[in-house]
Amino acid sequence: MTIRILLADDHQIVREGLRLLIERQPDISVVAEAGDGFEAVALAESFRPDIVVMDIKMPGMDGIEATEELQIRAPETKVVALSMYADRNFISEMLRAGAKAFLLKDCASTELVEAIRTVYEGRIYLGPSVSKIVARMYVHFVQQGTSPGEEKLTAREREVLIHLAEGKTNREIADLLHLSVKTIGTHRQNIMRKLGLETIADLVKYAIREGLISSDQQ
């Protein structure tokens, strides 16, 4: 079977290079290309590729937000993350968002095809330099007495939390953030679960306590 790929990067020259690299392989083909996160999600819904090769830094909706959206709108599509930077925050946020692989762009010529095949087979792929960063992160968590699996809110979830605490409805938040109501509902459920909250009143108290909103906004 042919592995169907969607390329998402805001630089056309990068997409062209990735396409040339990928299409040298007899079992992999590029079915669509996107220049930003919004387009990547829309094309993934239309083409249903096996894998999206996703840049992280893109205008509008970035790769982290787009990966979160894909978990909701095209959950069968897997994400291979590409980045110029070996940044621990990018790595942790992308993996938390649902990416199955993370590698650096300067290693893509030698690692991308292997990453695609590994993820297609249902396994995780981390480039060698990324693996070292993840290992250091794990050691840090252990030494600090916390769990590496401890869940934190993503940037998008914090944004949704603030809007919820300010009294906005799911529809109002969806319109503000250009997302679907279903997506906002999923973010809301994840926020409540991660923070161990049960009611919106609890959420408001949390937001005030953390300084995300002021008490006079209520």
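Let me start with two helices in this predicted model: helix α3, which covers residues 63-73, and helix α9, which covers residues 181-195, pack with their axes 10 Å apart and at an angle of about 105 degrees. Because angles from 65 to 115 degrees count as roughly perpendicular, α3 is described as roughly perpendicular to α9. If you look for the residues that make this contact, you will find Glu68, Glu69, Ile72 and Arg73 on α3, and Lys182, Thr183, Thr186 and His187 on α9. Sorted by class, the contact of α3 with α9 has four charged residues, three polar ones and one nonpolar one.

Now let us turn to the nonpolar cores. The largest of them has 47 residues, and within that core the residues that touch the most other members are Leu6, Met54, Met94 and Phe102. Which residues does leucine 6 touch, if we leave out those up to four places away in sequence? They are Ala32, Ala34, Ala40, Leu43, Ala44, Pro49, Ile51, Val52 and Val53. There is also a second, separate core of 21 residues, and Leu21, Leu103, Ala108 and Val113 are among them.

Finally, the protein as a whole. It contains ten helices and six strands, and buried residues make up 45% of its 218 residues. Of the contacts in the protein with a separation of 6 or more, 62% are accounted for by residues 24 or more positions apart. Taken along the principal axes, the C-alpha atoms fill a box of roughly 60 × 45 × 30 Å. The radius of gyration is 18 Å, which agrees with the value near 17 Å that a compact globule of 218 residues would have.

Methods:
Residues numbered from 1 in each chain as written. Predicted model: local features only at pLDDT ≥ 70, side-chain atom pairs only at ≥ 80, totals over all residues. Heavy atoms only, no water. Axes fitted to C-alpha atoms, helices over the stretch in contact; angles between N-to-C directions. Helix = DSSP H or I, 4+ residues; strand = E, 2+ residues; numbered from the N terminus. Parallel < 35°, antiparallel > 145°, perpendicular 65-115°, else oblique. Contact = heavy atoms within 4.5 Å. Nonpolar A, V, L, I, M, F, W, Y, C, P; charged D, E, K, R; others polar. Core = buried A, V, L, I, M, F, W, Y, C linked by side-chain atoms within 4.5 Å. Buried < 20%, exposed > 50% of the residue type's maximum accessible area, 1.4 Å probe, protein only. Rg over C-alpha atoms; globule rule 2.2 N^0.38 Å.
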